[in-house]
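Colleague: I should like to learn how to read the interior of a protein model. May we work through one case together?

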Amino acid sequence: MSGRLPGYGHVVHQQIPAETPAAAPAEEPAAASAGAAPPLFTWEFATDPYPAYAWLREHAPVHRTELPSGVQAWLVTRYADARQALADQRLSKNPANHAGSAHAKGRTGIPGERKAELMTHLLNIDPPDHTRLRRLVSKAFTPARVAEFAPRVQELTDQLIDAFIEKARTAEKGEAEKGEADLIHDFAFPLPIYAICELLGVPREDQDDFRDWAGMMIRHGGGPRGGVARSVKKMRNYLVELIHRKRDEPGDDLISGLIRASDHGEHLTENEAAAMAFILLFAGFETTVNLIGNGVHSLFMNPDQRARLQDSLAAGESGLLATGVEELLRYDGPVELATWRFATEDLTLGGQDITAGDPVLVVLAAADRDPERFAEPDTLDLSRGDNQHLGYGHGIHYCLGAPLARLEGQTALATLLTRLPDLELAIPPEELRWRGGLIMRGLRTLPVRFTPPNVSDAG
């Protein structure tokens, strides 16, 4: 199936239909040898975009294209240009600077965020508002707080693994006596949802509602935007109610911290607090879902690197785990393109003239495989040094939640590989399905098999 993906205009994904398996990884596009640009935003492209990105880096590093949504945008694919664009304050995050029609402007953000009055978050604003809000949020979302949260992340990780191990033990055994699980649904998805809910201060009894809404936001395939917008509205209504409760009964959590946070006496408004809580939740879970899912998939596809990591973990070392997660972020990271930017004036980027009002999309996945910056960029090397990838951005919009995502990624991978050492893919790699979407890159499912450890080995 080679049709263009309808969901490529949005931050959130339009899904590959469940009955349609993704194509096998494409080889270098035939169009490249003919001198034409390779096809973008097809089903095959969603499975393996890297050959197309390699062609763009070489032949059209700043490339204007029409997205399936109808929005015209520039794709920036070389590392040097990408790094420059991410830090260039002439490229605004505010959708109001988009010169497109009102219809086009409505297709460059999270579905439903405008109607739900959730626009005033860090992904949509520029200095000085961005500076003020980020400083306020940073007071409640510090690396020290993330470090304090590490034992809870480990506890959540073990609980989720315990659950599918116990399910495997109680199920009827097949002839190979292997347990089975979907690492996306059973592990990579719930782990960051429950973690960020606890950081925000969402009560335990409400966390499954958040899991349902978040699942709708990344898995909904019944329409291009409607189902996602409804979930955004439900989440916004809940957050406003929760903020009211936290004002009366504050706790030691992120939403209470947002309420208390102030900058020279100026407090967050209710809309700002709701928008900030929403984007921390939204951006704080899907990146980690994909980091874990893509990371495990990359290790399956590179068994020599997986063996290195397992040997290192068995020896009680942590160095390869830390560099390994950075390499997995570079090699097949969770964020394929940085979120939307809009030129506020005419400018030149990578030798290409860009007109004021034009949308610009920095292709992180292409930049992080640029051979001008990384030696053997298409090779996974968990011990790679000098790995200044752009997986979490660069400049003033560098991902605020990166420390938490790294903690969750390291904890998840180390625990999986240690507790389930024979973990393996349960279906042929070519049958895996990737979610089609513009910003995020991730698998729909990741079916695995494993030998359930003895009860005495669990925990």
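Modeller: We shall take the overall fold, the cores, the cavities and one loop residue in turn.

Modeller: This is a predicted model, in which local features need pLDDT of at least 70 and side-chain atom pairs count only at pLDDT 80 or more, while totals for chains, interfaces and linings use all residues. Residues are numbered from 1 along each chain as its sequence is written, and side-chain values use heavy atoms, with hydrogens and water left out.

Colleague: How many helices and strands are there?

Modeller: Helices (DSSP H or I, at least four residues) and strands (E, at least two) are numbered from the N terminus. The protein has 17 helices and 12 strands. Of its 459 residues, 59% count as buried, where buried means under 20% relative accessible area with a 1.4 Å probe and protein chains only.

Colleague: Which residues touch the most other members of the largest nonpolar core?

Modeller: In soluble globular proteins, nonpolar side chains tend to be buried together. A nonpolar core is a set of buried Ala, Val, Leu, Ile, Met, Phe, Trp, Tyr and Cys residues joined through side-chain atoms within 4.5 Å. Here the largest has 91 residues, and Phe164, Leu183, Phe187, Phe210 and Leu446 touch the most other members. Helix H13 (residues 270-301) supplies the largest share of this core, 16 residues. Another core, of 43 residues, lies apart from it and includes Ala73, Tyr79, Ala343 and Val360.

Colleague: What is Phe187 in contact with, leaving aside its neighbours within four places in sequence?

Modeller: Contact means heavy atoms within 4.5 Å. The partners of Phe187 include Phe164, Ile292 and Leu416.

Colleague: How many cavities of 30 Å³ or more does a search find?

Modeller: Rolling a probe the size of a water molecule over the atoms shows where empty space is left. A cavity is a set of points on a 1 Å grid over the protein atoms alone where a 1.4 Å probe fits but cannot get out, and lining residues have an atom within 4 Å of a point. The search finds five, the largest with a volume of about 560 Å³. Its lining has 36 residues, of which Leu123, Ala283, His397, Cys399 and Leu400 lie nearest the centre. H13 gives the largest share of that lining, eight residues.

Colleague: Is Asp88 buried or exposed?

Modeller: Asp88 lies in the loop between helix H4 (79-87) and strand S3 (91-92). Asp88 is buried, with a relative accessible area of 11%. Its side chain makes a polar contact (N or O atoms within 3.5 Å, one able to donate a hydrogen and the other to accept it) with the side chain of Arg90, at 2.8 Å.

Technical notes
Buried means under 20% relative accessible area, exposed over 50%, partly exposed in between (1.4 Å probe, protein chains only). On a 1 Å grid over the protein atoms alone, a cavity is a set of points where a 1.4 Å probe fits but cannot get out, and a pocket is an open set with protein on both sides within 12 Å along at least five of seven lines; lining residues have an atom within 4 Å of a point. Grid points are joined across faces, edges and corners, and a volume is the space filled by probe spheres set on the points.
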